[in-house]
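Let's walk through this two-chain model together, one region at a time. Please keep the structure open beside the text as you read.

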Amino acid sequence: MSENKRKDAAGKSLAARLTGVILMAAIGIFCALASQGVTPFSIVLAALTVCAALHALRTRTMKLQNGKSIVQPGNSSLLIGMLMADIVVASAVLTGFDFSILVRRGHQFFVILEQIFQPDFNYFPKVVDPLLDTIKMSILGSVIGATLALPVSVIASTNINRSGVVVWAQRIVLMVIRTLPTLVIAKFAALIFGLGTFAGTMAIIVFTFGVVSKMMYESIETIDMGAFEAMESFGASKFQSFWSACMPQILPTYLSYCLYALEMNIRAAAILGYVGAGGLGLLMDERIGWRDYRGLGMVLLALFVVVLIIEQTSQYLRKKLS
Amino acid sequence: MQKQENQTAQQAALPRDARYDIVTKYLTRPKLWWLYTLIVLIVFALISWSGSTVQYKGLAAKGTEIAKGIWNGLISPDRSLLFTLNEEGAIVSPFINVTPEGVPYQLLQTVAIAVLGTLIGGVLAIPFSFLACEKIVPKWIAFIFNVFILLIRTIPSLVWALVWIRVTGPNAFCGVVTQSICSIGMICKMYITAIEDIDVRILESLDAAGCSRFQKIRYGMLPQIIPNFISTVIYRFDINVKDATTLGIVGAGGIGAALIQCITSSRWSMVGAYLFGMILLMIVIELFSTWIRKKLARG
């Protein structure tokens, strides 16, 4: 009986293994052949992938001293390596990767970079206003986005909300929101609300909302629910028990996530102007258009200092919170 | 102040064991109301300060029209970009649209940029992270490299792309080199944490067993850091795919270029098709990366 069971388990794992190996080999061969057609190189690559797959399937049976025989599964690291090689080759073909360009024209890289690293300090007075705009946009966006995120994340956590449908609907919406790049949201906002800081703030609100909600519902699910249940059993309402039993547990994490979101937002807000959503990005776009890379250097230097200050403050506060 | 004195008096008046009573504990709990008030005041001050510039000036001239267009585009995306269609609009073989203008090709290119960028960035980050780790090199060297890494991180990826466009021209290759540089910052930060978390006792015991330097690295260090490194690189790959979609805005290849072009020319059904593809790709990649990282963490 137990012998049979063991054989079943072995058979199942063998089938799963076989599927995995065939899938990996198929992806590898597809990458090798589809990216560059049938050339000698791609054929060699595909053949090597097949060899690696066969190697991964080869099992060895060993006889132990006590008479039992065990089957050692094949080693699939070679196959994974070949798969990676296939994918890299396909990516290089698809993106037109050409190392010789870097060697030939590499010196061009330093032309702009050199000027960026010699900032034009006379330009500083013009940087102040957009810089303040960027900071204001990210603060307001972070506060509003994070505030909206708190109730939503409570609804989206499985240990407080027992209704599976609501939880999963909520999570899918959050996932879709998170996949939209901030620049695309900002572009839409700039088209709908007109150019300026309001559009940027909207984009930051959406971005912060998505990120903080996800991090929050993940950490709400790890809290200790004992106190919550005890309060419910005493007859407290769901909200009352959440407020006094769960809030103290999640508040430090929540505040720390808010600060983390603020850190990210300052960086994000700086480039939003690139699509017309106000702040430093507007200035960057303009300086690049004028080919005034020393002015651009000044903008970046100001941003660097602000990011450094905000990051240090927020890291200090987050250390205090934990 | 008065209140607190009262409480201390109350406490002293109680019999000794009652001092540990739950009611007494509750009455004498630390009161931090001034701290909370301060935080609330600071937050309100910040909000009102930032609210001064960020003002709602109503919708743009064609705002509602554009919003409607975006919504319609998302609901009914341009199917010809996604699939191969015949004249009647039915899907025919080879099913997905494989031309360079089609969404699948653009998505593949975006992923390819992220793959190469992350890989090169991950390899370049290894020497930097060892040189910026205070446990391995003297403090001043670590400090110099930390500042260098911070510099790399502060320059936005769009600016890096502009710097590289001079070298490579506006194509997908530019996206690859841009992402290789941009990834270094964050990958280094996480590599350094992984290196600092190494259990030194294992190295010491290998030392005691008489292992050579190479053996110590091979059997003592690598098994500890490699899962962390791979997990970091996969996490960054996740982020890079997202970034690669926006790099196209400055002409560095990927789906972003086509998307922005369609947005500026108000072809909303095409925008819908591109967004649909992007959302699908990002969800698949996120699920995949979470799955692999979970597997790695469990060993």
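Directly following H8(A), Gly194(A) adopts a positive phi of about 85 degrees. The model is a predicted one, and the helix that comes before this glycine is a good place to begin. Helix H8 of chain A covers residues 182–193, and its twelve residues reach 16 Å from first C-alpha to last, close to the 16 Å expected at 1.5 Å a residue. Is H8(A) enclosed or open to its surroundings? Eleven of its twelve residues are buried, so H8(A) is largely enclosed by the rest of the structure. Among those buried are Ala186(A), Lys187(A), Phe188(A) and Ala189(A).

What surrounds them comes from both chains. The buried residues of H8(A) pack against helix H9 (197–220) and H11 of chain A, and also against H4, helix H11 (213–247) and H12 of chain B.

Two residues of that helix turn up again in the nonpolar interior. The largest nonpolar core has 149 residues, and those with the most contacts inside it are Ala186(A), Ala189(A), Ala203(A), Val299(A), Ala161(B) and Tyr274(B). Helix H11 of chain A (residues 238–272) contributes the most to this core, with 15 residues. For a closer look, take Val299(A): leaving out residues up to four places away in sequence, Val299(A) touches Val127(A), Leu280(A), Leu283(A), Met284(A) and Arg287(A).

Now step back to the meeting of the two chains. The contact draws 49 residues from chain A and 51 residues from chain B. On the chain A side that touches chain B, 35 residues are nonpolar, nine are polar and five are charged. For the complex, the predictor gives an ipTM of 0.82 and a pTM of 0.82.

Both chains have a domain assignment with two parts. In chain A, domain 1 is 2–97 and domain 2 is 116–321, and 43 Å separate their centres, taken over C-alpha atoms. In chain B, domain 1 is 2–51 and domain 2 is 103–298, with C-alpha centres that lie 47 Å apart.

Let's stay with chain B for a while. Chain B has 13 helices and two strands, and 34% of its 299 residues count as buried. Among its contacts between residues at least 6 apart in sequence, 64% join residues at least 24 apart. The mean pLDDT of chain B is 83, and 87% of its residues reach 70 or more. Among the elements of chain B, helix H1 (residues 2–13) has the lowest mean pLDDT, at 57, while H6(B) has the highest, at 91.

H6(B) also appears among the partners of helix H7 of chain B. This helix runs over residues 139–154; at 1.5 Å a residue its 16 residues should span 22 Å, and its end C-alpha atoms are indeed 22 Å apart. Within H7(B), Phe145(B), Ile149(B) and Thr154(B) are buried. The buried residues of H7(B) pack against H6 (103–131) and helix H9 (172–196) of chain B, together with helix H13 (293–321) of chain A.

Where does chain B bring distant parts of its sequence together? Asn72(B) sits in helix H4 (residues 63–75) of chain B. Its C-alpha atom is separated by 8.2 Å from that of Gly272(B), 200 residues apart along the chain. Val271(B), in helix H13 (residues 268–298) of chain B, makes a similar link: Val271(B) and Gly73(B) are 198 residues apart in sequence and 6.5 Å apart in space, C-alpha to C-alpha. Beyond its neighbours within four places in sequence, Val271(B) is in contact with Gly73(B), Leu259(B), Cys262(B) and Ile263(B). Val271(B) is buried, because 25 other C-beta atoms lie within 10 Å, whereas Asn72(B), with 13, is partly exposed.

We began with a positive phi at a glycine, so let's end with backbone angles. Most residues other than glycine have a negative phi. Arg291(A), although not a glycine, has a positive phi of about 60 degrees. Arg291(A) lies in the loop between helix H12 (280–290) and H13 of chain A, and is exposed, with 10 other C-beta atoms within 10 Å. In chain B, Ser266(B) is not a glycine either, yet has a positive phi of about 55 degrees. Ser266(B) is found in the loop between helix H12 (255–264) and H13 of chain B, and counts as partly exposed, with 15 C-beta neighbours inside 10 Å.

Conventions:
Residues are numbered from 1 along each chain as its sequence is written. Chains are lettered from A and ligands numbered from 1 in the order in which they are written. This is a predicted model: local features need pLDDT of at least 70, side-chain atom pairs count only at pLDDT 80 or more; totals for chains, interfaces and linings use all residues. Two residues are in contact if their C-beta atoms, placed from the backbone, lie within 7 Å. Ala, Val, Leu, Ile, Met, Phe, Trp, Tyr, Cys and Pro count as nonpolar, Asp, Glu, Lys and Arg as charged, and the others, Gly among them, as polar. Domain bounds come from an automatic or database domain assignment. Helices (H or I, at least four residues) and strands (E, at least two) are DSSP runs, numbered from the N terminus. A residue is buried if 20 or more other C-beta atoms lie within 10 Å of its own, exposed if 12 or fewer, and partly exposed in between; C-beta atoms are placed from the backbone. The expected span of a helix is 1.5 Å times one less than its number of residues. A nonpolar core is a set of buried Ala, Val, Leu, Ile, Met, Phe, Trp, Tyr and Cys residues joined through C-beta atoms within 7 Å. pLDDT is the predictor's confidence in each residue, from 0 to 100.
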